Amino acid sequence: MDEKTLIYFLQYFAGLLYERALESKERCTAAQKRPDKPSSRDFACGHAQAYYEVLSTFVHQAEVFGIPADQLGIPNIDPDELLR
């Protein structure tokens, strides 16, 4: 596998993770408005938390390895946004 293929994969994967994380956050927010279903809320919000953990790890590891965020197409990805 060449370097360009790997970069494209990482760019696509990071974008996909972020997109799904935002969707998961929306489901958590919607579930929080339904106090009659606490287990549904707990699952939805736990799912969003898991995406936060994955994205946070991805972003921080890119930094550790000296990979510029813009090279991976993630300069605007802020995992902490998922906690707000």
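A disulfide joins cysteine 28 to cysteine 45, with a distance of 2.0 Å from S to S, and the model in which this bond appears is a predicted one. The two cysteines belong to distant parts of the chain, for cysteine 28 sits in helix α1 (residues 3-32) while cysteine 45 sits in helix α2 (residues 38-64), and the two are 17 residues apart. The torsion about the S-S bond is about 90°, and therefore the disulfide is right-handed. Both cysteine 28 and cysteine 45 are buried, and the count of disulfides comes to one.

The surface offers another feature to examine. Met1, Leu6, Phe9 and Phe13 make a nonpolar surface patch of about 460 Å². Methionine 1 is found in the segment before α1, whereas phenylalanine 9 and phenylalanine 13 both lie in helix α1, four residues apart, which is about one turn of the helix. The table lists the relative accessible area for three residues of this patch.

| Residue | Relative accessible area | Class |
|---|---|---|
| Methionine 1 | 82% | exposed |
| Phenylalanine 9 | 46% | partly exposed |
| Phenylalanine 13 | 33% | partly exposed |

Because exposed means over 50% relative accessible area, methionine 1 with its 82% counts as exposed.

The structure also holds one aromatic pair. Phenylalanine 9 and phenylalanine 13 form this pair, with 5.6 Å from centre to centre and 15° between the planes, and the pair is stacked. The angle matters for that name because planes under 30 degrees apart count as stacked.

Methods: Residues numbered from 1 in each chain as written. Predicted model: local features only at pLDDT ≥ 70, side-chain atom pairs only at ≥ 80, totals over all residues. Heavy atoms only, no water. Disulfide = S-S within 2.5 Å. Buried < 20%, exposed > 50% of the residue type's maximum accessible area, 1.4 Å probe, protein only. Patch = residues over 30% accessible without salt bridge, like charges linked within 9 Å, V, L, I, M, F, W, Y side chains within 5 Å. Areas by Shrake-Rupley, 256 points an atom, 1.4 Å probe, with all protein chains shown as cover. Salt bridge = Lys/Arg side-chain N within 4 Å of Asp/Glu carboxyl O. Phe/Tyr/Trp six-rings, centres within 6.5 Å; stacked < 30°, edge-to-face > 60°.
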